[in-house]
Amino acid sequence: MIERRALVRHKTFFKGRIYFNNRLSSMDCIVRDATANGGRLEISDSVTLPNAFEIYLPNKDEYFHAKVEWRKGGSLGVSWTTEQFPKQKHEPGSSEHAIVDRLAKLEHQVAVLQRRLDALQEA
């Protein structure tokens, strides 16, 4: 088989986070092979990703612009640019926990308001 890569590919097994849809959507991925300019990602094959997205690599604490070069089932070959995003304070799970906490508080407030409304309608 002819090697078409300009850089040596290193086997990896680390977690990544893909952001797309103007950062309104995200999903986890596994980076299986990596070079300085791209890699092979494993994703859920039930999710349709756009051809360009952002990827966060927690082990490097860096964000990259990624472009899909090929797709095969749940694997993607991507190239990424070394253009850095502004450093963001990212603690894994912190934003998800904050959203879950806020949702629980809002659901509680809705339940309290619904009980008040029901009491007013009975009166």
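# Exercises on a predicted chain

Lys11 is exposed, with a relative accessible area of 67%; here exposed means over 50%, buried means under 20%, and partly exposed lies in between, using a 1.4 Å probe and protein chains only. You are working with a predicted model, in which local features need a pLDDT of at least 70, side-chain atom pairs count only at pLDDT 80 or more, and totals for chains, interfaces and linings use all residues. Residues are numbered from 1 along each chain as its sequence is written, and side-chain values use heavy atoms, with hydrogens and water left out.

## Exercise A: the outline

Task: Work out how many helices and strands the chain has, and in what order they run.

Solution:
- Begin with the definitions: helices (H or I, at least four residues) and strands (E, at least two) are DSSP runs, numbered from the N terminus.
- Counting them gives six strands and one helix.
- Read from the N terminus, their order is β-β-β-β-β-β-α.
- Next, burial: of the chain's 123 residues, 27% are buried.
- Now the contacts, meaning heavy atoms within 4.5 Å. Among those with a separation of 6 or more, 42% are between residues 24 or more positions apart.

## Exercise B: confidence

Task: Find which stretch has a pLDDT below 50.

Solution:
- The score to use is pLDDT, the predictor's confidence in each residue, from 0 to 100.
- Its average over the chain is 81, and 80% of the residues score at least 70.
- Residues 85-90 are the stretch where it falls below 50; beyond near neighbours in sequence, they have 11 contacts in the model.

## Exercise C: a salt-bridge network

Task: Trace which residues are joined with Lys11 into one network by salt bridges that share partners.

Solution:
- Look for a side-chain nitrogen of Lys or Arg within 4 Å of a carboxyl oxygen of Asp or Glu, which is the rule for a salt bridge. The count for this model is five.
- Start at Lys11, whose side chain meets that of Asp33 at 3.6 Å, N to O. This pair links distant parts of the chain, with Lys11 in strand β1 and Asp33 in strand β2, 22 residues apart.
- Compare how the two are covered: Lys11 is exposed at 67%, while Asp33 is buried at 1%.
- Move on from Asp33, which also forms a salt bridge with Arg40, at 2.7 Å from N to O. Arg40 is partly exposed, with a relative accessible area of 21%.
- Put the pieces together: Lys11, Asp33 and Arg40 form one network through shared partners.

## Exercise D: a loop and its partner

Task: Describe the loop residues Asn22 and Arg23, and find which residue forms a salt bridge with Arg23.

Solution:
- Asn22 sits in the loop between β1 (10-20) and β2 (25-34), and Arg23 is in this loop too.
- Check the backbone angles: Asn22 is not a glycine, yet its phi is positive, about 55°. Arg23 is another residue other than glycine with a positive phi, near 65°.
- Check the exposure: Asn22 is exposed at 74%, and Arg23 is partly exposed at 33%.
- Then find the partner of Arg23: Glu54, with the closest N and O atoms 2.5 Å apart. Glu54 lies in strand β4, 31 residues from Arg23.
- Glu54 is buried, at 17% relative accessible area.

## Exercise E: rings together

Task: Classify the ring pair of Tyr19 and Tyr63 as stacked, tilted or edge-to-face.

Solution:
- Rings of Phe, Tyr and Trp (its six-membered ring) pair if their centres lie within 6.5 Å; planes under 30 degrees apart are stacked, over 60 edge-to-face, and the rest tilted. Three aromatic pairs result.
- For Tyr19 and Tyr63 the centres are 6.3 Å apart and the planes are at 35°, so the pair is tilted. Tyr19 belongs to strand β1 and Tyr63 to strand β5, 44 residues apart.
- Both are covered: Tyr19 is buried at 11%, and Tyr63 is buried at 4%.
- Tyr56 and Tyr63 also make a tilted pair, with centres 4.5 Å apart and planes at 40°.
- Tyr19, Tyr56 and Tyr63 therefore make up one aromatic cluster.

## Exercise F: the core

Task: Find which strand gives the most residues to the largest nonpolar core.

Solution:
- A nonpolar core is a set of buried Ala, Val, Leu, Ile, Met, Phe, Trp, Tyr and Cys residues joined through side-chain atoms within 4.5 Å.
- The largest has 19 residues, of which Ile18, Leu41, Phe53, Ile55 and Trp80 touch the most other members.
- Two or more residues come from each of β1, β2, β4 (52-57), β5 (62-72) and β6 (75-80). The answer is β2, with four residues.
- Finally, look around Trp80: leaving aside neighbours within four places in sequence, its contacts include Val31, Leu41, Ile55, Leu57 and Phe64.
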